[in-house]
Amino acid sequence: MMQVVNLPERTSWNDLLQRPFSNNTDIAGKVKMIVADVKENGDTAIRKYTSEYDGVAIENLLVPAAEISNAQNIIPSELKSAIQQAANNITLFHEQSKFSYPVVETMPGVKCWKRSLPIEKVGLYIPGGSAPLFSTLLMLGIPAKLAGCSEIIVCTPAGKDSKVHPAILYTAALLGIENIYCIGGAQAIAAMAYGTETIPMVYKIFGPGNRYVTTAKQLVQIEGIAIDMPAGPSEVVVLADATANAKFVAADLLSQAEHGADSQVLLVTTSPEIVKAVQEEIAIQINSLARKDMIRESLLHSKIILLDTIEQAIEMVNEYAPEHLIVCCNNDEIIAAKIINAGSVFLGNYSPESVGDYASGTNHSLPTNGYARAYSGVNVESFMKTITYQKLDIPGLQKISNTVITMATAEGLDAHANAVKIRLNV
């Protein structure tokens, strides 16, 4: 069960808040070999590794249009309605992004502005092994569509029947995404990074995955292929005071722990009563869960931390920088305003992290492993780039010329200075 830490000294926080260490060096060489092989041998290498690692023989890497269309006849109507509702909420939230920028006249005759443009070609990796994450396709596909990306491809592993899960295909059809390739793992990342006979190269790769996928994304990034963000195991912090509901808190901790044995969950609280009640609830609730063995492994490196004050608790949360933060406290909005490092925040006793994973509207592709200190979750802007512009007339150039010439000369860049001087002497 979870380790309980009572009133830790401030000097111990750094060690206390360490994530479970996942050493990828043992697979780095293997992933590097896979990536290089796909780069060199394309579809042949993809089929080889899909057979070797997934135990699946794939003839056609591209999912036929008829199979995508037929998916709507396979999945239950209740699930279709749920996916549609989630898609509506996610679209409504994400389409509020604005990409119009004013022209700024920084000096008379010196005008500057910028314009946002979609990244033309993007690849979405959708895990499909033990859990076919069609929800991730919503979270990535909707902002990609709203951004206006002209080419969106999806890579997702097939099941043992050589078929992609129908819920993923239905979701793709709902979003108008047609190019779906039934491959997963490091070979899928390499295929999107370099292109093969069948799979087109993209400019940026999005999506979560296992250690092989994560390592492959890091490798191709070195060679200039953009990725969404650094990735790590999923995590949640629940910040609770005496007003929290222990049953709800326990359920939230268990729900995040079922992502994987390397996931980490933390309860940070100011209430000794909550510590005891949550432990009791975890012991009760865990027995009814399908993934209880995996959850127990996750709980071995998870913690319940009791602190003296809510101010200390806020400071600890900001130091940890969680992917997900649930604030089950009195004055939750006041507390949330003091949170500066978190991927996504859930306020109050009736805002479970599960709603953000699926359907509230916010994105569930979020920075983990402390990267919330510097990274944002996926949004429409993630699928866009900005270009800046400037236009000067003659009086504008005359006004700014001394500044530029002086600075360029001081840096020893005479040609830069001359590019201004020559225009003034015409």
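Which residues line the largest cavity? I opened the predicted model with that in mind. I found Thr 214, Lys 217, Gln 218, Ile 227, Met 229, Pro 230 and Ala 231 around the largest cavity.

I then looked up its size. The largest cavity holds about 30 Å³. My count of cavities of 30 Å³ or more came to one. Helix 8, residues 211-222, gives the largest share of the lining, with three residues. By character, I sorted the lining of the largest cavity into four nonpolar, two polar and one charged.

Next, the pockets. I checked the second largest pocket and noted a volume of about 150 Å³. Its lining includes Phe 93, His 94 and Ser 97. Gly 343, Ser 344, Thr 362, Asn 363 and Leu 366 also line the second largest pocket. Gly 377, Val 378, Asn 379 and Val 380 are there too. I sorted this lining into eight polar and four nonpolar residues, with no charged ones.

Then the core. The largest nonpolar core has 71 residues. Which of them touch the most other members? I listed Val 122, Leu 124, Leu 137, Ile 183 and Phe 383.

I followed Phe 383 further, skipping neighbours within four places in sequence. Its contacts include Leu 117, Pro 118, Ile 119, Val 122 and Leu 124. Leu 140, Pro 143, Ala 144, Ala 147 and Cys 149 are also in contact with Phe 383. Phe 206 and Val 378 complete the list. Val 378 I had already met in the lining of the second largest pocket.

Last entry: apart from the largest core I noted another, of 25 residues. Among them are Val 249, Val 265, Val 275 and Cys 328.

Conventions
Residues numbered from 1 in each chain as written. Predicted model: local features only at pLDDT ≥ 70, side-chain atom pairs only at ≥ 80, totals over all residues. Heavy atoms only, no water. Core = buried A, V, L, I, M, F, W, Y, C linked by side-chain atoms within 4.5 Å. Buried < 20%, exposed > 50% of the residue type's maximum accessible area, 1.4 Å probe, protein only. Contact = heavy atoms within 4.5 Å. 1 Å grid on protein atoms, 1.4 Å probe; cavity = no way out; pocket = protein on both sides within 12 Å on 5 of 7 lines; lining within 4 Å. Points joined across faces, edges and corners; volume = space filled by probe spheres on them. Nonpolar A, V, L, I, M, F, W, Y, C, P; charged D, E, K, R; others polar. Helix = DSSP H or I, 4+ residues; strand = E, 2+ residues; numbered from the N terminus.
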